[in-house]
Amino acid sequence: MKIGILTSGGDCPALNAVIRGFAKYAYNNIKGVEIYGIADGYGGLISGEYKKMKQEDFSGILNVGGTILGTSRQPFKKMQVEENNSTKVQKMKSNYKKMGLNALLTLGGAGTHKSAALLVSEGLNVIGLPKTIDNDIFGTDVTFGFYSAVDVATECIDRIHTTAASHGRTMLVEIMGNKVGWLTLYAGIAGGADIILLPEIPYDTAVVCKKVRERAEAGKAFSIIAIAEGAIEKSEAGLKKKERVQKRSETGDVTLTNRLAREINARTGVETRVVIPGHIQRGGSPSALDRALSTEVGAYAGYLCKEGLFGTTVAIRGERLTYNKIEDIAGKTKWVPLEHPMIESGRRIGVCFGDE
Ligand code: F6P
């Protein structure tokens, strides 16, 4: 059996742990298996850049961050656009056939799964694996990479806490997640943020300022705000993404973090600063929990391959590994539900979510 494997979209810790888990399963359980590493995600499948992997290529990578295969972003909306008499999907299908693959493993997030669904509809034997620090893939409780990023983002908040307290400042820590707020919610609660702003709960600047003021009046000169990259102000809530981007560009803002900091400073008089940890949240070694989870996920993908369960993507429900059909989850988003227990618990301990 010839199996191609690629990692697509933004990298994250634990990609290599998944690759290793899969390879170990495959060499141990699939007779005569050959694994082909495809370079830079769908990019390598489009251009035909790949190499036959050796068993030793998968050793010593359990705790290594990034991806040994390389990755790239290949926007879904360009997949079916014709260029030089062929689309990217057609090129990928043709290279899959040329390589003589029996199966293709795609490790990726929401966009990767949308493109994987196209490949499935073209008759390719695809198995998806749910990767992203954003944790927004529909149909799985958790994605690999998420828990490692929670640890990193939490440490950032911890470190900001001590300097904010020393100076009596309000500090906004912008956490990755341009669409959903899972990472901000978990790291915000774990880091003891006073205010947590998620894309799912549009915030009111006046409410945020009130919380900062109340804390100052209660003798807490500093406040910590965990704000998601994709956080939305109430006045923007009815806008389409394009309109939002246009409106923000008028003040030179991409995210609202700097704008909110300026407002807090002006309205409360509390010195306010912004910290953006950015890609640090995606880098480095995976956490112990992610390594264990990813080993399971990789091995399970190997099992799906062996059993010929194609057109599927690995899912984790509770303690159990299972799978969804790619076509059932592609294009859907797992938002943070407003009644999520972590939000309820936060409210119980006085965390402000910017809405009340
Ligand atoms: O999807 C993961 C993610 O890190 C998002 O949280 C973030 O908005 C985006 O990728 C950044 O992408 P890039 O690395 O391509 O700038």
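Reader: What makes the space taken by the ligand a pocket rather than a cavity?

Author: In this predicted model, the space taken by the ligand is the largest pocket, and a pocket is an open set of grid points, whereas a cavity is a set from which a 1.4 Å probe cannot get out.

Reader: How do you know which residues surround the ligand?

Author: A residue counts as near if one of its heavy atoms lies within 4 Å of the ligand, and the ligand is surrounded by R73, I133, D134, M176, G177, N178, E229, H279 and R282. This shell divides into two nonpolar, three polar and four charged residues.

Reader: Why is the pair formed by E229 and the ligand called a polar contact?

Author: A polar side-chain atom of E229 lies 2.8 Å from an oxygen atom of the ligand, and the limit for such a pair of N or O atoms is 3.5 Å, so the pair qualifies. H279 likewise places a polar side-chain atom 2.8 Å from a ligand oxygen, while G177 has a polar backbone atom 3.1 Å from an oxygen atom of the ligand. Of the 400 Å² that the ligand exposes when taken alone, the protein buries 73%.

Reader: What makes the protein, with its 12 helices and 11 strands, as compact as a globular protein of its length?

Author: Its radius of gyration is 22 Å, close to the 21 Å that the globule rule gives for 356 residues, and therefore the description holds.

Key
Residues numbered from 1 in each chain as written. Predicted model: local features only at pLDDT ≥ 70, side-chain atom pairs only at ≥ 80, totals over all residues. Heavy atoms only, no water. Polar contact = N/O pair within 3.5 Å; in protein donor to acceptor, adjacent residues only side chain to side chain. Areas by Shrake-Rupley, 256 points an atom, 1.4 Å probe, with all protein chains shown as cover. 1 Å grid on protein atoms, 1.4 Å probe; cavity = no way out; pocket = protein on both sides within 12 Å on 5 of 7 lines; lining within 4 Å. Sits in = over half its atoms within 2 Å of the grid points. Nonpolar A, V, L, I, M, F, W, Y, C, P; charged D, E, K, R; others polar. Rg over C-alpha atoms; globule rule 2.2 N^0.38 Å.
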